[in-house]
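Student: I have a model open and would like to walk through it with you. Can we start?

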Amino acid sequence: MSNLSALQTAVSLATSERDAAAQRLAQARQGWLATQVQLDQLETYAQETMTRWQVQSARVTPEIMAHHYQFMERLTHAIALQKSAVAQQVNQVTLMADRLRVIEMRRESLVQVHARRDAEQRRQTDRREQKVSDEQAALQYRRLGGGVMGGL
């Protein structure tokens, strides 16, 4: 029985590890979504700014135009940094998903081993009980004189 309880403990620990890995994956996905939303906002803002600038560009001074180009350079740089952050988050999600798959496979293996050993132990218990029952029936048969044929 201690073998089965050790396996049950291993399954329980593997389940806890799987749950923790699933939680880390969910957090990584939330982080990815947050960085993606920020990237989308930056890109939308850049598009809106360019659209407004195209309408007003004919009426601005060279100084304002230079400031606009500097601003757009910084905005483009921020977008590139955010794309890098999104890529890092995607890699993190992929890594966490892979780890979760490995942990789940390990857990499933333990569950299967536990189930097989539990079934084997039940079969052995059933065989012992059947043997005891057969021996008791044989004893009772002998006590009763071997049945109807033995009494003639």
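**Along a helix**

Tutor: Start with Q112, which sits in helix α2. Keep in mind that this is a predicted model.

Student: Is Q112 buried, exposed or partly exposed?

Tutor: Partly exposed, because its relative accessible area is 42%, and partly exposed covers what lies between the 20% and 50% cut-offs.

Student: How far apart are Q112 and H67 in space?

Tutor: Their C-alpha atoms are 67 Å apart, with the two positions 45 residues apart in sequence numbering.

Student: What span should α2 have, given its residues?

Tutor: Helix α2 runs over residues 62-143, which is 82 residues. At 1.5 Å a residue the expected span is 122 Å, and the C-alpha atoms at its ends are 119 Å apart, so the two agree.

Student: And what follows α2?

Tutor: G145 does, with a positive phi near 90°.

Student: Now V113. Where is it found, and how accessible is it?

Tutor: V113 is also part of helix α2. Its relative accessibility is 23%, so V113 counts as partly exposed.

Student: How far is V113 from W32?

Tutor: V113 and W32 are 37 Å apart, C-alpha to C-alpha, and 81 residues apart in sequence.

Student: Switching to H68: buried or exposed?

Tutor: H68, which lies in helix α2, is buried, because its relative accessible area is 8% and the cut-off for buried is under 20%.

Student: Which residues does H68 touch?

Tutor: Leaving out residues up to four places away in sequence, H68 touches T49, M50 and W53.

How values were computed:
Residues numbered from 1 in each chain as written. Predicted model: local features only at pLDDT ≥ 70, side-chain atom pairs only at ≥ 80, totals over all residues. Heavy atoms only, no water. Helix = DSSP H or I, 4+ residues; strand = E, 2+ residues; numbered from the N terminus. Expected span 1.5 Å × (residues − 1). Buried < 20%, exposed > 50% of the residue type's maximum accessible area, 1.4 Å probe, protein only. Contact = heavy atoms within 4.5 Å.
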